[in-house]
Amino acid sequence: RNQILLLELPQTHEDELPKRLHIIDQTSQQLGLLLDELLNLAMLDHLEQRFRSFNPMEMLAEIVDELGATIIKNHIEVVLETTDPKTTLEGDRVLLRQVFLNIITNAIKFCQGQPNPKITIRHLHGPLRHIVTVADNGIGIEAKELDHIFELFVKGKNALGIEGAGAGLAIAKKIVMKHSGEISASANEEGGLTITVGLPNK
């Protein structure tokens with residue numbers, strides 16, 4: 001079909017065909033990604049949560065290790081800090097791992113290509129809450145957009161050219177809410193974004 005189309009097109013348009021086919025391919029991939037994210041979000045309503053005790057720092061270190069190739073490729077400095085390296089958290093480890101995988105992956109996307117890119121992941125074990133913050137020094141987001149970044153398929157203006165469907169934080173919020181937790185975003189004074197997750201200390 002494409003060969004016939006190529007023969008029918010005027011000579012001046014031949015050079016445009018590969019570009020147009022590439023755009024169609026990219027659009028198809030993006031639609032597939034959107035559908036996958038919609039299915040993931042819908043499945044959360046039917047998944048049975050399996051709560052157990054686990055070490056949150058071990059989980060965070062595991063995620064950083066999994067993303068290690070991308071981190072090294074983009075020369076990103078990643079810092080892991082905690083007030084209690086031996087503490088445990090009660091929750092669905094699989095789902096919470098997805099929360100922080102989404103958040104850290106976003107941080108990598110937003111700070112890659114920036115001067116001296118850095119991501120700081122902090123865990124605070126308080127009397128009532130486990131607090132985890134993921135801060136980057138990336139492109140950041142406008143203050144007026146902060147309240148909307150946890151909505152499905154919403155991306156800040158600064159992130160429009162960055163790969164992704166804009167569903168990662170919406171999925172993260174839904175999982176955190178299922179754990180009776182809170183999630184929020186704030187802009188850093190020096191640039192970049194901080195995502196804060198609070199989970200009950202059961």
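Where is Gln114 found? Select it to start. Gln114 sits in the loop between H5 and E4. The model on your screen is a predicted one. Keep that in mind at each stop.

**The whole chain**

Zoom out before going further. The chain has 202 residues, and 41% of them count as buried. Colour by secondary structure. You should find six helices and seven strands. Starting at the N terminus, their order is α-α-β-α-α-β-β-α-β-β-α-β-β.

Now switch on the surface. About 12,100 Å² of the chain is exposed, and carbon and sulfur atoms supply 54% of that area. Then consider the contacts in the chain with a separation of 6 or more. Residues 24 or more positions apart account for 67% of them.

**Stop 1: Gln114 and its partners**

Return to Gln114. Is it buried, exposed or partly exposed? Its relative accessibility is 27%, so Gln114 counts as partly exposed. Show what surrounds it. Setting aside neighbours within four places in sequence, Gln114 is in contact with Asn137, Gly138 and Ile139. Pick the C-alpha atoms of Gln114 and Asn137. They are separated by 8.0 Å, while the two residues lie 23 residues apart along the chain.

**Stop 2: Asn116**

Stay in this loop. Asn116 also has its place between H5 and E4. Check its backbone. Most residues other than glycine have a negative phi. Asn116 is not a glycine, yet its phi is positive, about 50°. Its relative accessible area is 69%, so Asn116 is exposed.

**Stop 3: helix H5 and the core**

Next, select H5, residues 93-111. Then add the largest nonpolar core, which has 39 residues. Phe100, Ile103 and Ile195 are the residues with the most contacts inside this core. Several elements give two or more residues to it: helices H3 (56-66), H5 and H6, and strands E4 (118-125), E5 (129-136), E6 (182-187) and E7 (193-200). Which element gives the largest share of this core? H5 does, with 10 residues.

Click on Phe100. Leaving out residues up to four places away in sequence, Phe100 touches Met59, Leu60, Ile63, Val132 and Val197.

**Stop 4: H3 against H5**

Keep H5 in view and add H3. The axes of these two helices come within 10 Å and cross at roughly 50°. That angle makes H3 oblique to H5. The crossing of H3 past H5 is right-handed. To see the contact, show side chains on both helices. From H3, select Glu58, Met59, Leu60, Glu62, Ile63 and Glu66. From H5, select Arg93, Leu96, Arg97, Phe100, Leu101 and Ile104. Phe100 appears again here, and its partners Met59, Leu60 and Ile63 are in the H3 set.

**Stop 5: H6 against H5**

Hide H3 and show H6, residues 168-178. Which residues of H6 are buried? They are Gly168, Leu169, Ala170, Ile171, Ala172, Ile175 and Val176.

Look at how H6 meets H5. Their axes come within 9 Å and cross at roughly 150°. H5 and H6 are therefore roughly antiparallel to each other. H5 passes H6 in a left-handed crossing. On the H5 side, the contact is made by Leu95, Leu96, Gln98, Val99, Asn102, Ile103 and Asn106. On the H6 side, it is made by Gly168, Leu169, Ile171, Ala172, Ile175 and Val176.

**Stop 6: Ser180**

Follow the chain out of H6. Ser180 comes just after this helix, in the loop between H6 and E6. What is its phi? The value is near 60°, positive in a residue other than glycine. Ser180 counts as partly exposed, at 48% relative accessibility.

**Last stop: Pro85**

Jump back to the loop between strand E2 (77-82) and strand E3 (89-92), where Pro85 lies. With 53% relative accessibility, Pro85 counts as exposed. Select His123 as well. Pro85 and His123 are 38 residues apart in sequence, and their C-alpha atoms are 8.9 Å apart in space.

How values were computed. Residues are numbered from 1 along each chain as its sequence is written. This is a predicted model: local features need pLDDT of at least 70, side-chain atom pairs count only at pLDDT 80 or more; totals for chains, interfaces and linings use all residues. Side-chain values use heavy atoms; hydrogens and water are left out. Helices (H or I, at least four residues) and strands (E, at least two) are DSSP runs, numbered from the N terminus. Buried means under 20% relative accessible area, exposed over 50%, partly exposed in between (1.4 Å probe, protein chains only). Contact means heavy atoms within 4.5 Å. Accessible areas come from the Shrake-Rupley method with a 1.4 Å probe; for residues, only the protein chains shown count as cover. A nonpolar core is a set of buried Ala, Val, Leu, Ile, Met, Phe, Trp, Tyr and Cys residues joined through side-chain atoms within 4.5 Å. Axes are lines fitted to C-alpha atoms, for helices over the stretch in contact, and angles run from 0 to 180 degrees between N-to-C directions. Angles under 35 degrees count as roughly parallel, over 145 as roughly antiparallel, 65 to 115 as roughly perpendicular and the rest as oblique. A crossing is left-handed if the near helix is turned anticlockwise from the far one by less than a right angle, and right-handed if clockwise.
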